[in-house]
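Here are my notes for your review, set out as numbered points. Please read them alongside the coordinates.

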Amino acid sequence: MHIHKFEKIWLIFGVTALLVFLSVLGVSAFYLGNQPPSCLAVIDPTKVDEHDTFKEPGLKKVEGKDWDYELVYVAQAFAYTPGTVEVPLGAKVKVIVTSKDVIHGFGVAGTNINMMVEPGYISEIVTTFDKAGEYLVLCNEYCGSGHHMMTSMIKVVE
């Protein structure tokens, strides 16, 4: 069987690209420890207000962890609690979010924070706010007729 020269080149290129991709994936997963998010953090959506973490949503200073603050949000029909929160500039913050009712989104405009918030699960991300200003929190998953009103504000202050 005769394979044309250009077909051989494209075949070698495709196999090489596949091997490079699999190598990068393997190094990332096993050597660097990057794993897909797991759903180990679960919660009963009917008892969110009784859970220690979500009793008082807002910003809390923490000690002895890899981050300085925990920013706790509760999403429910067309509102985030708290509505506005102030975060110190340069602080390492763990954002913790859950939902009481339906699937919501949690996107912070101007940052790389973008989470799907599902009832029964706790979504978390650690970030640092390096730029002062106001950051709008938007629900980016359609959640019903009042979806367009579901916002919050994170103010990063010096």
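Which residue takes a positive phi in the hairpin of β6 and β7? In this predicted model, that residue is G110, with a phi near 85°, and the hairpin has five residues between its strands.

1. On the overall fold, the protein comprises one helix and ten strands, and in sequence order the helix comes before the strands, following the pattern α-β-β-β-β-β-β-β-β-β-β. The radius of gyration is 21 Å, well over the 15 Å that the globule rule gives for 158 residues, so the protein is more spread out than a compact globule.

2. On dimensions and packing, the C-alpha trace spans about 70 × 35 × 30 Å along its principal axes, and 31% of the 158 residues count as buried. Of the contacts between residues at least 6 apart in sequence, 60% join residues at least 24 apart.

3. Strand β6 (residues 104–108) deserves a separate comment, because five of its five residues are buried and the strand is therefore largely enclosed by the rest of the structure. H104, F106 and V108 point one way from β6, whereas G105 and G107 point the other way. In a regular strand the side chains alternate between the two faces of the sheet.

4. As to its partners, β6 pairs with β7 (residues 114–117) in the antiparallel sense over four bridges, and the bridge partner of F106 in β7 is M115. Strand β6 is also joined by two bridges to β9 (residues 133–138), again running antiparallel, with V137 of β9 as the bridge partner of V108.

5. On charge, the protein has 12 positive and 18 negative side chains, and the centres of the two sets lie 6 Å apart.

Methods. Residues numbered from 1 in each chain as written. Predicted model: local features only at pLDDT ≥ 70, side-chain atom pairs only at ≥ 80, totals over all residues. Heavy atoms only, no water. Rg over C-alpha atoms; globule rule 2.2 N^0.38 Å. Buried < 20%, exposed > 50% of the residue type's maximum accessible area, 1.4 Å probe, protein only. Contact = heavy atoms within 4.5 Å. Lys, Arg positive; Asp, Glu negative; His and termini not counted. Charge placed at Lys NZ, Arg CZ, Asp CG, Glu CD. Pairing = 2+ DSSP bridges.
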